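Q: Could you take a close look at one part of this model for me, the sheets of the second chain, and walk me through how they're put together? Some context around them would be welcome too.

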Amino acid sequence: MKRSIVAAATAVALLLAACGSERDEASTTTAAAADTSTDVSTAESVPPSVTDTMPAPDTTEGADSVINVPDDQPTIQAAVDAARPGDLILIAPGTYNEAVNVETENLTIRGLDRNEVVLDGNFELENGIRILGAGGVVVENMTAINYKRNGFFWTGVDGFRGSYLTAYRTGDYGVYAFDSMNGQLEHVYAAGSPDAGVYIGECYPCNTVLTDTVSEHNGLGYSGTNAGGNLLIVNSVFRNNRAGIVPNSGSYELCYPQRETTIVGNIVHSNNQPDTPAIDVALLAMGNGILSAGGIRNDIQRNLVYDHNKSGIGLVPFLEENPNDDLPTKDEWELTCEESKSLPLVTPEGALLWDSYENRVIGNVLEDNRQGDIIVGSAGTDVSSLGNCFAGNTFTFTQPNNLEVLAPCDATGSGDWKDGEYNVVAWLLDTPPPSVDWQTANLPALQPQENMPDAATAPAKPAIDVPYEVDLDAVTVPSKPT
Amino acid sequence: MSAVRCVAALIAVIAAGVACSSEPEAQPAHLHTDATSIGQPDRVIAGPQGGVPQFVVECAYSHAASDDPIVYPGQPGQSHLHMFFGNTEVDAFTTIESLVDGDTTCDNSLDKAAYWAPALLRGPEVLAPVKSVAYYRPGVDVTPQSVQAFPPGLVMIAGNAGARDEQPLSIVAWGCGRGIARSATPSTCVEGQNLELIITFPDCWDGARLDSPGHYAHVAYSSGGRCPDAFPMPIVQLQFVVEYAFTGDPEGLVLASGGVLTGHADFMNGWDQATLEQEVRLCIHREVVCGLSS
């Protein structure tokens, strides 16, 4: 790790890269399971078993069945394979050494007890539950530990929801959504990933909400490469990571730039944790609360951000030494992910500097962020030209000084951007504590986490109505935990 | 590439294949068989990840030996120096059957395939590889759902260990870090962006042979999204990347197989077959990104 840091330091680089159905026909067993299951099926008037003369079962709620694990199917995978779209899989307390793959849309996969339904990868399996191109799948009320890659992973889906999920000690990410849109992640607890506790990447518009989440002791609390567009990170806690909330741009994955993420009402504190597992970028970003690394048009409002060795809120560049494409033009910032995928690649000469443009930093409460409550920096670009704005924040000092005077929102700024100019390149000379092996890192003991309401009886609720609406105007700056 | 150039390249490849086919199976290490499989990818496979379905296996460096169980089976020390990744028990006596007894350095513990490439040298110094990354994707413009897993026991070589001229960048290339730039000779990589050797394997199989005389003739490259008639079965395309702990001036670098133009890599399918087939089905057929290299 030291090699990487020293190596990176010699480049004028701020390398903040983040960083990533086959089903059986409904069997008679499944139908029988529905008939004999308890509250849910009786409450929902499950029809009789499907016969050849009946039309194909519809996917409305009343037609869905419940599959109990292990009573009806011995494993979660067997239940998933037996399920039809719309079905509810209920998992009894126990430890499941499984890597579950989901190809059937609109399943609801639920643990009966979040803390006692534990998927354990034993440091051998890759993902706890992996949803591959199947829209509408819900995973809720369970725990995944010790997976070599991710706890819970949606890829290439339209419609997803993860609720009341605990991910602990995972090799890449705790909860991970890639190339996926229209999602809801809520009541997540994620700890012990070298990359990010929660990652949402490669989507625009994402149409996704992350809320009521605690992410701690990860390399990054949140990472979101090239993600945005109605993407909300709200009412959550990011603490004791190397760095807190770190969206970034880069051409090493598609759908750049990162843009339009709304970060509101979060508590972000003490992200200087020296003993977490950490990829190189988490080491470079260490000591920052909310850090936009080449992010554009993000809305950072009414967060409580304190106790950081570097910035509370930082707007900095991402320097990509070996890019795959040239920088998108301002017009291209408007293109959807799908549209931008069809643009031809233009191999640039040399490195790309992704600056952070047109972000709005408003009404945050910042304290004890030791190099600046709010910091704006670049590696050669005139930071006064970036179009970021600052208003109504509570803070002690910014870098450059007086950012709210230099660049107020919806008003004309004045003053000297050279006063208190911040040298972000100097970060590259730091020697942060090296990464710790994710398998053995010292993590806080896993505490019991809140269960979803009525896990045994609540009906299946596929992710066809997500994200849920957030009343952003009602979100106030959270008070400091005691 | 224009049709005319395609044909010309094809003729050249066929000519090279004919020339080598008469050579003896075993020969001194410095006279490696001069051959490639028919065709080459329509374009250099590079660029941002996330647009093409894939799964990825990262394998730590395992060991080095002057062994080659494909080209010089049962003849330890006969080969140029190779760097082995994945299966930990590979030597000159390795067979497909023996691979199951090995452990693996790969992050996917069910990938016990043997991957190897020539050692990178600077004078007498062997430069340590950091790791390898194996990308598994459909071939260029090949219908993802038509792609099959490698059959059990398949062996392949990509690139020409006897090359004296530049090989197609679509098969053998050097690069730096995650960048898109490719070159026929090692690049000058900036600090933090390590030098890489990138080898792209054939993606069409004859459907019958697990190996062939010279080891190239049972597989080929697709073109225009189609496999050649004699190689009708699309197989998942392996792009194998070796990352070296090296940046800066590449002057003086050589591969153990010869100069820097002799890039190649070898593969023996030691995957747990059910797992390989599952990943092809889940990731390639369903057209999703199952993983990204770090």
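A: Here's a walk through the sheets of chain B, followed by a look at where chain B meets chain A.

Keep in mind that this is a predicted model. Chain B has 15 strands alongside three helices. Of its 294 residues, 53% count as buried. If you take the contacts in chain B between residues at least 6 apart in sequence, 73% of them join residues at least 24 apart.

Start with the nine-stranded sheet. It's an open one in chain B, and reading across it you get the order β7-β15-β3-β2-β1-β6-β13-β9-β8, with antiparallel pairing. Its edges are β7 (155-159) and β8 (172-176) of chain B, each of which pairs on one side only. On average, neighbouring strands here are turned by 25 degrees against each other, if you ignore direction.

Now zoom in on one pair inside that sheet. Strand β1 of chain B covers residues 55-65, strand β6 of chain B covers residues 129-137, and the two are held in antiparallel register by six bridges. For a specific spot to click on, try Glu58(B): its bridge partner in β6(B) is Val133(B). As background, strands of a sheet pair through backbone hydrogen bonds, and they can do so in a parallel or an antiparallel way.

There's also an open sheet of three strands in chain B, ordered β11-β10-β12 and again with antiparallel pairing. The edge strands this time are β11 (219-220) and β12 (233-234) of chain B, pairing on one side only. Strand β10 of chain B, residues 204-205, pairs with β12(B) in the antiparallel sense over two bridges. Within that pair, Trp205(B) sits opposite Met233(B) of β12(B).

That leaves the other chain. The contact between the two takes 35 residues from chain A and 29 residues from chain B. On the chain A side, helix α1 (residues 2-10) gives the most, with four residues. By type, the chain A residues that touch chain B divide into 13 nonpolar, eleven polar and eleven charged.

One last stop in chain A is Thr412(A), which lies in the segment after α7 (403-406) of chain A. Thr412(A) counts as exposed because it has just 6 C-beta neighbours inside 10 Å, and the cut-off for exposed is 12 or fewer. Measure out to Thr104(A) in your viewer and, C-alpha to C-alpha, you should find the two 54 Å apart in space, with their positions 308 residues apart in sequence.

Technical notes. Residues are numbered from 1 along each chain as its sequence is written. Chains are lettered from A and ligands numbered from 1 in the order in which they are written. This is a predicted model: local features need pLDDT of at least 70, side-chain atom pairs count only at pLDDT 80 or more; totals for chains, interfaces and linings use all residues. Two residues are in contact if their C-beta atoms, placed from the backbone, lie within 7 Å. Ala, Val, Leu, Ile, Met, Phe, Trp, Tyr, Cys and Pro count as nonpolar, Asp, Glu, Lys and Arg as charged, and the others, Gly among them, as polar. Two strands pair if DSSP finds at least two bridges between them. A residue is buried if 20 or more other C-beta atoms lie within 10 Å of its own, exposed if 12 or fewer, and partly exposed in between; C-beta atoms are placed from the backbone. Axes are lines fitted to C-alpha atoms, for helices over the stretch in contact, and angles run from 0 to 180 degrees between N-to-C directions.
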